[in-house]
Amino acid sequence: MHEELDAVIVAFDEEQGVGTLTLNRPDALNAMNGQMRADIETGLELLGERDAEAEGVAVRAVVIEGAGEKAFCAGADVTGFADASPAAFDAHGLRAAIGEFSAPVVAKIDGYCLGGGLELALACDLRLASESSRLGFPEVDLGLLPGAGGVQYVSRLAGPAFAKELAMTGEHIEAERAASEGIVNHVYDDEAFADEAASFVDTIADKPPLAVRAIKDSGNVSVEAGLREGRKYDRRIFGTLLETDDHEEGARAFADDEYDPTFVGK
Ligand code: COA
C-alpha cells in the first residue's frame, strides 16, 4: 500500500506488518498545519482498516517520520499564526488517535523536532532519534507555551524541572541529552540510523502482536488512570492473553529450542 495524501504519505509493508506515515512538507521542514493533522488521522484509519480485513492482526507497528533531510517536524506552521484561533492548533484529537491506535506508534526523529513536532513525537509510544537531531520547545519565543500538553508529557517522562527548563529556555537540545532525560528511547549514529531504527521496529513487529497491544494500553492506562486501574487492566488482559494461540506458540518455542514460532495475533 502506498497512498499520497495532501500532507502525509501512507505506506504499509505487508510482510513486516509495519505502516509508515511520512510527514510530507519538506520545504517547510514538515511544519504541522491542519491538513497534516487530518492526514495523520486518516493515515491511521487506513492502516487500521488493514486489521479489520485481516485474519488476526495485520498492523504490528507504525512509524511516523519526516520527509527530506532536515526535519522530523519543525512545529506548528507559523505562517498561519497571525489570524488563527486556538482551535486551529488543536492537536488533542491527534494525540488521542495515536494513543488509541491499536498497534504501537514509533516516532523516527531525524533532524529538527520542535514545538508541535516534539508534541507529536511525545504522543507516540516510543521515540528513536539520529544523533544530529535537535529537539525543543521554541514556543516561548513567540510568547506561547507548547499547546498540546508538551510540558505535561515531558514532566511525566523526565520530571517537571527538565520540562520547565526545555520550555522556558526554548533551547534546541541534542538527541543524547533528550535520551539521557528519558524523552527519547534510543539515539543512533546518523549513518546507521535508518538500519538501526528499522531493526528496532522489526524487533517489536516480530513479537506476539496482541501482547504488544496490551502492553501499549497498559502503559497508557498507567498514565491516564493511575496504578489501581492499571493493575486491574493488566490482570484482566493477562487472562485474555493466556487463552490466545500466540501464547501457546510462545510457550512451545520456550520449551523447544528448535521450534520457530509464528505469531499471528490470535
Ligand atoms: N512553520 C512554517 N514554515 C516553517 C517552519 C514552521 N514552523 N519552520 C521552518 N519553516 C520554513 C521556513 O520558513 C523556510 O521556508 P522558505 O524556504 O520558504 O523560507 C523553510 O522552512 C526552511 O527553514 P529555514 O528557517 O530556512 O531553515 P534553517 O535551517 O535556517 O532553520 C529552524 C531551521 C528549524 C531553526 C527554523 O526554521 C525555525 O526556527 N523554525 C521555526 C520553529 C518554531 O518556532 N516552531 C514552533 C512554532 S510554535
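Colleague: Which residues are the closest to the ligand, and how many surround it?

Modeller: In this predicted model, 16 residues surround the ligand, and the closest are Asp-27, Lys-70, Ala-74, Ala-76 and Val-78. Each residue that is counted has a heavy atom within 4 Å of the ligand.

Colleague: What makes the approach of Ala-76 to the ligand a polar contact?

Modeller: A backbone N or O atom of Ala-76 lies 2.9 Å from a nitrogen atom of the ligand. The limit for a pair of N or O atoms is 3.5 Å, so the Ala-76 pair qualifies. Val-78 also places a backbone N or O atom 2.9 Å from a ligand nitrogen, and therefore this pair meets the criterion as well.

Colleague: How do you know that Asp-27 belongs in this group?

Modeller: A polar backbone atom of Asp-27 is 3.3 Å from an oxygen atom of the ligand. That value is within 3.5 Å, so the pair counts as a polar contact. As for the ligand as a whole, taken alone it exposes 860 Å², of which the protein buries 58%.

Colleague: What is the make-up of the shell around the ligand, in nonpolar, polar and charged residues?

Modeller: The shell divides into eleven nonpolar residues, one polar residue and four charged residues.

Colleague: Why are β1 and β11 called edge strands?

Modeller: Seven strands form an open sheet of mixed pairing, in the order β1-β2-β3-β4-β6-β8-β11. Strands β1 (2-4) and β11 (186-188) each pair on one side only, which is why they are called the edge strands. On average, neighbouring strands of this sheet are turned by 20° against each other, direction ignored.

Colleague: How do you know that β1 and β2 are paired?

Modeller: Pairing requires at least two bridges, and β1 has three with strand β2 (residues 8-13), so the two strands are paired, in the antiparallel sense. Within β2, His-2 stands opposite Ala-11, and Val-10 is the bridge partner of Glu-3. The two strands form a hairpin with three residues between them.

Colleague: What makes β2 and β3 a pair?

Modeller: Six bridges join these antiparallel strands, and at least two are needed, so β2 and β3 pair. Ala-11 has Thr-20 of β3 as its bridge partner. This hairpin has four residues between its strands, and Gly-17 in the turn has a positive phi of about 75°.

Colleague: Which helix packs on the sheet, and which strands does it touch?

Modeller: Helix α7 (residues 193-205) packs there, touching β3 (18-23), β4 (61-66), β6 (105-109), β8 (126-130) and β11. The direction of α7 makes about 160° with that of β8.

Terms used
Residues numbered from 1 in each chain as written. Predicted model: local features only at pLDDT ≥ 70, side-chain atom pairs only at ≥ 80, totals over all residues. Heavy atoms only, no water. Polar contact = N/O pair within 3.5 Å; in protein donor to acceptor, adjacent residues only side chain to side chain. Areas by Shrake-Rupley, 256 points an atom, 1.4 Å probe, with all protein chains shown as cover. Nonpolar A, V, L, I, M, F, W, Y, C, P; charged D, E, K, R; others polar. Axes fitted to C-alpha atoms, helices over the stretch in contact; angles between N-to-C directions. Contact = heavy atoms within 4.5 Å.
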